[in-house]
Amino acid sequence: MSFYVAETPERVKKAQGLHLITSLTPNGRKVHILLEELKDAYGLAWTTSLIDLDKNEQKKDWFLRLNPNGTSFPLNISFPRLIKNPGRIPILIDNDTSPPHVVMESSAELLYLVNLDRNNLFWFSDPIEQSEAFQWLIFWHASGQPNQGQYNFFRNNEQTHVDRFKRELLRVYDVLEIRLSGRFGGGAREYLAGKDEGKYSIADINAWAWIRNIRRIGFSEDELAQLPHLQQWVDRIAVRPAVERGLGECYDEDVHPELLLETP
(Lines give C-alpha, C1' and ligand atoms only; values in the text may rest on other atoms or scores of the structure.)
Protein backbone atom coordinates (compact mmCIF):
# COMPACT_ATOMS: atom_id res chain seq x y z
CA MET A 1 0.00 0.00 0.00
CA SER A 2 1.29 3.45 -0.85
CA PHE A 3 2.32 5.65 2.04
CA TYR A 4 0.19 8.46 0.62
CA VAL A 5 -3.43 8.28 -0.48
CA ALA A 6 -4.95 9.39 -3.77
CA GLU A 7 -6.17 12.67 -2.25
CA THR A 8 -2.73 13.66 -0.98
CA PRO A 9 -1.59 16.73 -2.94
CA GLU A 10 0.97 15.97 -5.63
CA ARG A 11 3.35 18.50 -4.12
CA VAL A 12 3.49 16.38 -0.96
CA LYS A 13 3.61 13.03 -2.77
CA LYS A 14 6.50 14.05 -5.00
CA ALA A 15 8.58 15.78 -2.34
CA GLN A 16 12.07 14.50 -1.73
CA GLY A 17 14.19 14.83 1.38
CA LEU A 18 12.72 16.98 4.15
CA HIS A 19 9.31 18.45 3.43
CA LEU A 20 7.58 20.90 5.76
CA ILE A 21 3.82 21.55 5.77
CA THR A 22 3.29 24.76 7.69
CA SER A 23 1.68 28.14 8.18
CA LEU A 24 2.67 31.44 9.82
CA THR A 25 1.74 30.48 13.37
CA PRO A 26 4.03 30.50 16.42
CA ASN A 27 4.53 26.74 16.18
CA GLY A 28 5.21 27.00 12.47
CA ARG A 29 7.68 29.83 12.98
CA LYS A 30 9.79 27.95 15.50
CA VAL A 31 10.43 25.17 12.98
CA HIS A 32 11.03 27.70 10.19
CA ILE A 33 13.68 29.36 12.34
CA LEU A 34 15.59 26.17 13.11
CA LEU A 35 15.52 25.11 9.45
CA GLU A 36 16.88 28.51 8.47
CA GLU A 37 19.60 28.27 11.14
CA LEU A 38 20.61 24.83 9.87
CA LYS A 39 20.65 26.19 6.33
CA ASP A 40 23.09 28.91 7.37
CA ALA A 41 25.25 26.49 9.33
CA TYR A 42 25.29 23.44 7.04
CA GLY A 43 23.50 24.30 3.81
CA LEU A 44 20.45 22.21 4.79
CA ALA A 45 17.85 21.90 2.03
CA TRP A 46 14.13 21.21 2.34
CA THR A 47 10.89 21.99 0.53
CA THR A 48 7.84 23.72 1.92
CA SER A 49 4.09 23.53 1.44
CA LEU A 50 1.69 25.99 3.02
CA ILE A 51 -1.72 25.38 4.60
CA ASP A 52 -4.53 27.93 4.76
CA LEU A 53 -5.98 27.07 8.16
CA ASP A 54 -9.17 29.01 7.47
CA LYS A 55 -10.03 26.65 4.59
CA ASN A 56 -9.69 23.51 6.80
CA GLU A 57 -7.39 21.65 4.45
CA GLN A 58 -5.76 20.30 7.63
CA LYS A 59 -9.06 18.63 8.57
CA LYS A 60 -9.14 16.42 5.49
CA ASP A 61 -8.34 12.72 5.60
CA TRP A 62 -5.09 13.00 3.64
CA PHE A 63 -3.71 15.37 6.26
CA LEU A 64 -5.06 13.42 9.24
CA ARG A 65 -3.34 10.34 7.88
CA LEU A 66 -0.08 12.22 8.41
CA ASN A 67 -1.08 13.88 11.68
CA PRO A 68 -4.18 12.59 13.46
CA ASN A 69 -3.97 15.37 16.06
CA GLY A 70 -6.41 17.56 14.22
CA THR A 71 -9.69 15.77 14.75
CA SER A 72 -12.49 17.05 16.97
CA PHE A 73 -14.11 14.55 19.31
CA PRO A 74 -17.93 14.82 19.12
CA LEU A 75 -19.40 15.65 22.52
CA ASN A 76 -23.09 15.93 23.38
CA ILE A 77 -22.51 18.07 26.43
CA SER A 78 -22.09 21.77 26.92
CA PHE A 79 -18.90 23.19 28.37
CA PRO A 80 -17.16 26.58 28.28
CA ARG A 81 -15.71 27.08 24.82
CA LEU A 82 -11.94 27.25 24.80
CA ILE A 83 -9.66 27.84 21.86
CA LYS A 84 -10.92 26.32 18.66
CA ASN A 85 -9.02 23.30 17.36
CA PRO A 86 -7.39 24.55 14.19
CA GLY A 87 -5.65 21.36 13.15
CA ARG A 88 -2.06 20.81 14.00
CA ILE A 89 0.71 22.29 11.94
CA PRO A 90 3.50 22.18 11.17
CA ILE A 91 4.30 18.63 10.20
CA LEU A 92 7.70 17.51 8.99
CA ILE A 93 8.09 14.62 6.55
CA ASP A 94 11.46 12.96 6.09
CA ASN A 95 11.34 11.27 2.70
CA ASP A 96 14.87 9.93 3.05
CA THR A 97 13.51 7.08 5.18
CA SER A 98 11.45 4.18 3.86
CA PRO A 99 8.58 4.59 4.40
CA PRO A 100 8.71 8.36 4.91
CA HIS A 101 8.87 9.39 8.55
CA VAL A 102 6.34 11.97 9.74
CA VAL A 103 7.04 14.13 12.78
CA MET A 104 4.15 15.97 14.43
CA GLU A 105 4.33 18.41 17.37
CA SER A 106 6.62 21.37 16.84
CA SER A 107 8.88 20.65 19.82
CA ALA A 108 9.38 17.09 18.59
CA GLU A 109 10.25 18.51 15.18
CA LEU A 110 12.95 20.70 16.74
CA LEU A 111 14.38 17.65 18.48
CA TYR A 112 14.31 15.66 15.25
CA LEU A 113 16.00 18.38 13.25
CA VAL A 114 18.69 19.00 15.84
CA ASN A 115 20.00 15.52 15.03
CA LEU A 116 21.29 17.17 11.85
CA ASP A 117 23.27 19.67 13.91
CA ARG A 118 26.51 17.70 13.91
CA ASN A 119 28.49 20.47 15.62
CA ASN A 120 25.88 21.07 18.34
CA LEU A 121 25.49 24.71 17.41
CA PHE A 122 21.88 24.69 18.63
CA TRP A 123 22.09 21.73 21.02
CA PHE A 124 24.52 20.31 23.56
CA SER A 125 26.91 17.39 23.84
CA ASP A 126 27.13 17.57 27.64
CA PRO A 127 24.41 15.49 29.39
CA ILE A 128 23.81 18.13 32.07
CA GLU A 129 23.35 20.85 29.47
CA GLN A 130 21.08 18.53 27.50
CA SER A 131 19.02 18.02 30.65
CA GLU A 132 18.68 21.78 31.09
CA ALA A 133 17.60 22.20 27.50
CA PHE A 134 15.03 19.41 27.79
CA GLN A 135 13.62 21.00 30.95
CA TRP A 136 13.08 24.40 29.36
CA LEU A 137 11.82 22.90 26.13
CA ILE A 138 9.21 20.89 28.01
CA PHE A 139 8.37 23.75 30.40
CA TRP A 140 7.39 25.99 27.52
CA HIS A 141 5.61 23.26 25.54
CA ALA A 142 3.56 22.17 28.57
CA SER A 143 3.06 25.42 30.51
CA GLY A 144 3.81 28.31 28.19
CA GLN A 145 2.25 27.84 24.80
CA PRO A 146 -1.06 26.29 25.96
CA ASN A 147 -1.72 29.27 28.25
CA GLN A 148 -0.56 31.82 25.70
CA GLY A 149 -2.73 30.15 23.07
CA GLN A 150 -5.78 30.47 25.29
CA TYR A 151 -4.88 34.02 26.28
CA ASN A 152 -4.45 35.06 22.65
CA PHE A 153 -7.80 33.51 21.74
CA PHE A 154 -9.83 35.12 24.53
CA ARG A 155 -8.09 38.47 24.15
CA ASN A 156 -8.99 38.57 20.46
CA ASN A 157 -12.43 36.92 20.56
CA GLU A 158 -14.02 36.86 24.00
CA GLN A 159 -13.23 38.49 27.33
CA THR A 160 -14.79 35.76 29.48
CA HIS A 161 -11.63 34.05 30.70
CA VAL A 162 -8.93 36.46 29.56
CA ASP A 163 -7.88 37.57 33.06
CA ARG A 164 -7.38 33.99 34.20
CA PHE A 165 -5.07 33.16 31.29
CA LYS A 166 -3.27 36.48 31.52
CA ARG A 167 -2.39 35.83 35.17
CA GLU A 168 -1.09 32.37 34.36
CA LEU A 169 0.85 33.60 31.34
CA LEU A 170 2.49 36.33 33.44
CA ARG A 171 3.43 33.67 35.98
CA VAL A 172 5.05 31.58 33.24
CA TYR A 173 6.87 34.65 31.90
CA ASP A 174 8.13 35.37 35.41
CA VAL A 175 9.59 31.87 35.61
CA LEU A 176 11.58 32.67 32.47
CA GLU A 177 12.54 36.05 33.94
CA ILE A 178 13.85 34.29 37.06
CA ARG A 179 15.95 32.00 34.91
CA LEU A 180 17.41 34.77 32.75
CA SER A 181 17.95 37.28 35.57
CA GLY A 182 19.54 34.86 38.04
CA ARG A 183 17.20 36.29 40.67
CA PHE A 184 17.76 33.40 43.03
CA GLY A 185 21.44 32.88 42.25
CA GLY A 186 23.69 31.83 39.44
CA GLY A 187 23.99 35.20 37.75
CA ALA A 188 22.23 36.69 34.74
CA ARG A 189 22.01 34.61 31.58
CA GLU A 190 21.61 35.37 27.89
CA TYR A 191 19.90 32.07 27.01
CA LEU A 192 17.82 29.47 28.80
CA ALA A 193 20.15 26.47 28.75
CA GLY A 194 23.88 25.89 28.87
CA LYS A 195 26.76 26.74 31.15
CA ASP A 196 27.49 30.20 32.50
CA GLU A 197 25.47 32.72 30.45
CA GLY A 198 23.96 29.93 28.38
CA LYS A 199 23.98 29.20 24.65
CA TYR A 200 21.37 29.89 22.00
CA SER A 201 19.59 26.59 21.39
CA ILE A 202 16.29 25.02 20.43
CA ALA A 203 15.13 25.66 24.01
CA ASP A 204 15.17 29.37 23.14
CA ILE A 205 13.73 28.96 19.65
CA ASN A 206 10.85 26.91 21.05
CA ALA A 207 9.69 29.69 23.36
CA TRP A 208 10.79 32.75 21.42
CA ALA A 209 8.41 32.15 18.51
CA TRP A 210 5.54 32.70 20.97
CA ILE A 211 7.06 35.36 23.22
CA ARG A 212 8.46 37.61 20.47
CA ASN A 213 5.39 39.90 20.60
CA ILE A 214 5.60 40.39 24.37
CA ARG A 215 5.16 44.16 24.03
CA ARG A 216 2.07 43.85 21.83
CA ILE A 217 -0.18 41.37 23.61
CA GLY A 218 -1.93 43.61 26.11
CA PHE A 219 0.49 43.76 29.03
CA SER A 220 0.66 47.04 30.95
CA GLU A 221 3.84 49.08 31.29
CA ASP A 222 4.05 48.05 34.94
CA GLU A 223 3.75 44.36 33.99
CA LEU A 224 6.42 44.67 31.30
CA ALA A 225 8.70 46.51 33.71
CA GLN A 226 8.88 43.36 35.80
CA LEU A 227 10.26 41.38 32.83
CA PRO A 228 13.37 43.29 31.69
CA HIS A 229 15.62 40.28 31.12
CA LEU A 230 12.93 38.45 29.16
CA GLN A 231 12.51 41.47 26.89
CA GLN A 232 16.27 41.69 26.35
CA TRP A 233 16.27 37.99 25.47
CA VAL A 234 13.51 38.61 22.90
CA ASP A 235 15.49 41.43 21.31
CA ARG A 236 18.75 39.45 21.34
CA ILE A 237 17.27 36.60 19.33
CA ALA A 238 15.19 38.79 17.00
CA VAL A 239 18.23 40.18 15.17
CA ARG A 240 19.56 36.82 14.01
CA PRO A 241 19.30 36.63 10.19
CA ALA A 242 17.86 33.10 10.25
CA VAL A 243 15.21 34.23 12.73
CA GLU A 244 14.23 37.13 10.51
CA ARG A 245 13.86 34.77 7.54
CA GLY A 246 11.89 32.27 9.60
CA LEU A 247 9.25 34.93 10.18
CA GLY A 248 9.24 36.17 6.65
CA GLU A 249 7.66 36.01 3.25
CA CYS A 250 9.04 32.58 2.31
CA TYR A 251 6.25 31.14 4.49
CA ASP A 252 3.51 33.61 3.54
CA GLU A 253 0.73 32.11 1.43
CA ASP A 254 -0.15 35.54 0.00
CA VAL A 255 3.41 35.97 -1.28
CA HIS A 256 3.79 32.35 -2.41
CA PRO A 257 0.35 31.05 -3.44
CA GLU A 258 2.10 28.39 -5.54
CA LEU A 259 3.08 26.65 -2.27
CA LEU A 260 -0.50 26.48 -1.00
CA LEU A 261 -2.07 23.04 -0.67
CA GLU A 262 -5.68 22.87 -1.87
CA THR A 263 -7.63 19.72 -2.69
CA PRO A 264 -11.23 19.32 -3.90
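Which residue in strand 2 does Ile21 stand opposite? Select Ile21 in this predicted model, and then strand 2, where Ser49 is the residue facing Ile21.

Widen the selection to the two strands themselves. Strand 1 (18-22) and strand 2 (47-50) are paired in the parallel sense over 4 bridges. Next, display the whole sheet: its 4 strands follow the order 2-1-3-4, and the sheet is open with mixed pairing. Strand 2 and strand 4 (101-103) form the edges, each pairing on one side only. On average, neighbouring strands are turned by 20° against each other, direction ignored.

Add helix 4 (106-113). Helix 4 packs on this sheet, where strand 1, strand 3 (91-94) and strand 4 are touched, and its direction makes about 35° with that of strand 3.

Turn now to residues 126-264, which an unreviewed UniProt entry annotates as "domain: GST C-terminal". This stretch is 59% helix and 0% strand, with its end C-alpha atoms 50 Å apart.

For the interior, select Tyr173, Ile211, Ile214, Phe219, Leu230 and Trp233: these have the most contacts inside the largest nonpolar core, which has 56 residues. Among the elements giving two or more residues to this core are strand 1, helix 2 (26-42), helix 5 (127-156), helix 6 (162-181) and helix 9 (228-238). Apart from this core lies another, of 11 residues, including Phe63, Leu66, Ile93 and Leu261.

Finally, centre the view on Trp233. Leaving aside residues up to four places away in sequence, Trp233 touches Leu180, Glu190, Tyr191, Leu192, Asp204, Ala207, Trp208 and Ile211.

Conventions:
Residues are numbered from 1 along each chain as its sequence is written. This is a predicted model: local features need pLDDT of at least 70, side-chain atom pairs count only at pLDDT 80 or more; totals for chains, interfaces and linings use all residues. Side-chain values use heavy atoms; hydrogens and water are left out. UniProt positions are given in the numbering used here, feature names are shortened, and annotations may be inferred rather than shown by experiment. A nonpolar core is a set of buried Ala, Val, Leu, Ile, Met, Phe, Trp, Tyr and Cys residues joined through side-chain atoms within 4.5 Å. Buried means under 20% relative accessible area, exposed over 50%, partly exposed in between (1.4 Å probe, protein chains only). Contact means heavy atoms within 4.5 Å. Two strands pair if DSSP finds at least two bridges between them. Axes are lines fitted to C-alpha atoms, for helices over the stretch in contact, and angles run from 0 to 180 degrees between N-to-C directions.
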